[in-house]
Amino acid sequence: MDHFWENEFIVTAGYYSVSILCIVVFLAVFELVTKYRNWEEIKKGNISVAMATGGKIFGVANIFRYSINQHDSLLTMISWGVFGFFLLLIGYFIFEFLTPKFNIDKEIENDNRAVGLISMVISIGLSYIIGAGI
């Protein structure tokens with residue numbers, strides 16, 4: 001039975017399924033901290049929300065990519081991925097704090113594509129920095 005868990009296909013499927021589950025959970029957390037409803041806005045065609053959400057998905061997936069590459073156990077990979085997600089979440093709050101002249105969530109909800117784009121790039125950029133630290 002030990003050989004089953006050492007099979008590269010099984011290991012890859014395990015990392016994949018756990019990463020997908022974590023992305024879903026983390027998107028639910030982002031849904032709680034934003035003032036708009038991501039999937040409702042995307043359904044309405046809000047490009048800014050789609051860009052911001054896409055950046056979050058890419059960011060979390062990229063953090064897990066680094067975590068998978070650097071750690072040899074599933075539990076350690078999950079732990080570092082969760083830690084990386086919280087750093088990404090803190091980055092989101094810092095972005096909101098550093099723009100006191102306007103509300104990021106309101107601008108994205110109102111389909112301000114410039115704000116949606118910068119939000120996406122910040123999520124992606126921070127994920128590389130977080131990943132390098134992992």
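A salt bridge here is a side-chain nitrogen of Lys or Arg within 4 Å of a carboxyl oxygen of Asp or Glu. I keep that cut-off at the head of the page for the pairs below.

**Entry 1: the first pair**

I looked up Arg-37 and Glu-31 in this predicted model. Their side chains meet in a salt bridge, with 3.3 Å from N to O. The distance is within 4 Å, so the pair qualifies. I then checked how far each partner is covered. Arg-37 is partly exposed at a relative accessible area of 36%, while Glu-31 counts as buried at 16%. Glu-31 is called buried because the limit for that class is under 20%.

**Entry 2: overall layout**

I went through the secondary structure next. I find seven helices and zero strands. Read from the N terminus, the order of elements is α-α-α-α-α-α-α. I noted the extent of the C-alpha trace along its principal axes as about 55 × 30 × 20 Å.

The protein has 134 residues, and 37% of them are buried. I looked at contacts with a separation of 6 or more: 69% of these are between residues 24 or more positions apart. For the surface I wrote down an accessible area of about 8,000 Å², with 70% of it belonging to carbon and sulfur atoms.

**Entry 3: charges**

I counted side chains by sign and got 9 positive and 12 negative, the centres of the two sets lying 13 Å apart. The structure holds four salt bridges; I wrote up three of the pairs, including Arg-37 with Glu-31.

Asp-105 and Lys-35 form another, with the closest N and O atoms 3.9 Å apart. This pair links distant parts of the chain, as Asp-105 is in helix α6 and Lys-35 is in the loop between α2 (8–33) and α3 (38–43), 70 residues apart. The two ends differ in cover: Asp-105 counts as buried at 1% relative accessibility, and Lys-35 counts as exposed at 55%. Lys-35 is put in the exposed class because its value is over 50%.

**Entry 4: Asp-111 and its surroundings**

Which residue shares a salt bridge with Asp-111? I found Arg-113, at 3.2 Å from N to O. Arg-113 is partly exposed, with a relative accessible area of 46%. Asp-111 is partly exposed as well, at 24%.

I placed Asp-111 in the loop between α6 (104–109) and α7 (113–133). I also checked its backbone: Asp-111 has a positive phi of about 65°, although it is not a glycine.

From there I moved to Ser-48, which lies in helix α4 (residues 47–70). Is Ser-48 buried or exposed? Ser-48 counts as buried, at 0% relative accessibility. Leaving aside neighbours within four places in sequence, Ser-48 is in contact with Ile-108, Asp-111, Asn-112, Arg-113 and Gly-116. Both members of the Arg-113 and Asp-111 salt bridge are therefore within 4.5 Å of Ser-48, heavy atom to heavy atom.

**Entry 5: two valines**

Val-49 also lies in helix α4 and is buried, with a relative accessible area of 0%. Not counting residues up to four places away, I listed its contacts as Tyr-36, Asn-38, Glu-41, Ile-42, Ile-108 and Glu-109. Ile-108 is thus on record for Val-49 and for Ser-48. I took one long distance from here: Val-49 and Asp-72 are 23 residues apart in sequence and 35 Å apart in space, C-alpha to C-alpha.

Val-29 is in helix α2. At 25% relative accessibility, Val-29 counts as partly exposed. Which residues does Val-29 touch, not counting those up to four places away in sequence? I found Phe-85 and Leu-89. I also took the separation of the C-alpha atoms of Val-29 and Glu-96, which is 16 Å for 67 residues along the chain.

**Entry 6: a nonpolar patch**

Last, I looked at the surface for nonpolar side chains. Trp-80, Phe-83, Leu-87, Ile-90, Ile-94, Phe-97 and Leu-98 form a nonpolar patch there, with about 720 Å² of accessible area together. I checked one member in detail. Phe-97 is found in helix α5 (residues 74–97) and is exposed, with a relative accessible area of 65%. Phe-97 passes the patch criterion because its value is over 30%.

Terms used:
Residues numbered from 1 in each chain as written. Predicted model: local features only at pLDDT ≥ 70, side-chain atom pairs only at ≥ 80, totals over all residues. Heavy atoms only, no water. Patch = residues over 30% accessible without salt bridge, like charges linked within 9 Å, V, L, I, M, F, W, Y side chains within 5 Å. Areas by Shrake-Rupley, 256 points an atom, 1.4 Å probe, with all protein chains shown as cover. Helix = DSSP H or I, 4+ residues; strand = E, 2+ residues; numbered from the N terminus. Buried < 20%, exposed > 50% of the residue type's maximum accessible area, 1.4 Å probe, protein only. Lys, Arg positive; Asp, Glu negative; His and termini not counted. Charge placed at Lys NZ, Arg CZ, Asp CG, Glu CD.
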